[in-house]
Amino acid sequence: MGDVAEVEVAEAGLAEAARQRAQAEAVEWARILAFHEMREAAIEQVENPRVFQKQAELSLIALEIGRQTGLSEMQVRYRVAAARRVRDKAPSVWTAFADGRIDAARVREISGAIEKLKRPESIARLDLRVVDYAAAHTIAELRRWLKLFVARSEADLFNERAEDERRQRRVEIVHGDDGMSWLSIYDQSHRIAAIDKRLTKQAKALGADDDRSLQQRRTDLAAAWLTTNESGQAALNADIAVTIPGEAIAGSAEAPAVAADGSWVVPIQWMLDLAEHAGNNVFWHRMILDPVTDDVLAHEYKGRFAPAVLAKAIEFRDGVCQAPGCCRPASQCDIDHRIPHEIGGPTAAWNLGPYCRRHHIQKGFGLIDTGPTSKSPPQAIAIDVAFDHAA
């Protein structure tokens, strides 16, 4: 019991140290802001027709503060802007900062979210909800929470900002030392996510005999793709999971599409546009969520090829190739659409069936019937219905 008590005392000491550190940061921020506003007021009171001189004097304030605090001018300006924004627009956050419940790092993240929000009611709602979350979660979790809050609170404005940023997509190259350089791609989040997944998947597929690290393999693959593929449009080949609130599907409200892990957010239309590019082989899962509880209302597969679990269920259901008279095991067949995917046939159990390669080709030329299967035993049909219901 003594050891337990010692641990509890030590944990309480750590929490108290964190609280005191946050309070000290709050004091520093408050004093920096107070000094800055005092100097601003003094400069503004002096009548000076030379506008550029007044601007120069105002910009000098950050240098004055930096000399006393050891901060750079940019660090001072950032702190002043963030402190003023939070103090004036999110009083609950500012009070929690002063009390030591949240630290400067969390206040900076919250300030960034406030800067993106344009409507006072959205900022007020953020101020009401964010303190409890920020106090109980890590910086990374808070950053993700804020990203989703901003996108969902003002979805229409988020879509506008996203379209503006999409026009800024670019590739940047910075040549470094020792024969190495950096390549940065600023692009739509879902495309970058697909690139990331594909790089990792194919890097791992190179096998354990490859003596390169995972990151080395990813880099070599990316360089190979960029130097051998001349396509002018991105062709994605990766699983992408997004969540979309049910009210957005119904058209009663705007909302973004959110990655399953919450790491990125994009306008819904961007995800829908993926299907319009013939070069894409994107298979994504659409989860429709309740707008209040976030419960999953529906889960749909969107893509040409069936995921492994669905393909296995169809294999068990039908057993053999669905061409008349063919008994080739379904495990050795292609999973094919009865209503072709190219004309809107869904990737769903009722529209899929196994066809051996020979009959698959014949079916493509319309030489064999593609109607409902007559080979499935009753129990297999029950599996199909249950699977469709679950999916």
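Angles under 35 degrees count as roughly parallel. Keep that cut-off handy for the first exercise, and remember that this is a predicted model.

**Exercise 1: two helices**

Work out how α4 and α6 are oriented to each other, and find the residues that make their contact.

*Solution.* Start with the geometry: α4 (residues 91-99) and α6 (residues 120-136) pack at an angle of about 30 degrees, and their axes lie 7 Å apart. With the cut-off at 35 degrees, the two helices α4 and α6 are therefore roughly parallel to each other. Next, pick out who touches whom: α4 brings P91, S92, V93 and A96, while α6 answers with D127, V130 and V131. Finally, sort those residues by character: five are nonpolar, one is polar and one is charged.

**Exercise 2: a pocket**

Describe the second largest pocket: its volume, and what lines it.

*Solution.* First the volume, which comes out at about 1000 Å³. Then go to the centre: of 38 lining residues, K147, S189, S263, W264 and V265 are the closest to it. Now look at the elements giving two or more residues to the lining: the helices α5 (104-116), α7 (139-153), α8 (155-166) and α9 (189-205), plus the strands β2 (181-186), β3 (239-245) and β5 (265-267). Last, the make-up of the lining: 20 nonpolar residues, 14 charged and four polar.

**Exercise 3: confidence**

Find out which stretch has pLDDT below 50.

*Solution.* Begin with the whole chain: the mean pLDDT is 83, and 81% of the residues reach 70 or more. Then zoom in on residues 373-391, where pLDDT is below 50. This stretch has 27 contacts in the model beyond near neighbours in sequence. A word of caution: where pLDDT is low, predicted coordinates shouldn't be read in detail.

Key. Residues numbered from 1 in each chain as written. Predicted model: local features only at pLDDT ≥ 70, side-chain atom pairs only at ≥ 80, totals over all residues. Heavy atoms only, no water. 1 Å grid on protein atoms, 1.4 Å probe; cavity = no way out; pocket = protein on both sides within 12 Å on 5 of 7 lines; lining within 4 Å. Points joined across faces, edges and corners; volume = space filled by probe spheres on them. Helix = DSSP H or I, 4+ residues; strand = E, 2+ residues; numbered from the N terminus. Nonpolar A, V, L, I, M, F, W, Y, C, P; charged D, E, K, R; others polar. Axes fitted to C-alpha atoms, helices over the stretch in contact; angles between N-to-C directions. Parallel < 35°, antiparallel > 145°, perpendicular 65-115°, else oblique. Contact = heavy atoms within 4.5 Å. pLDDT = per-residue confidence, 0-100.
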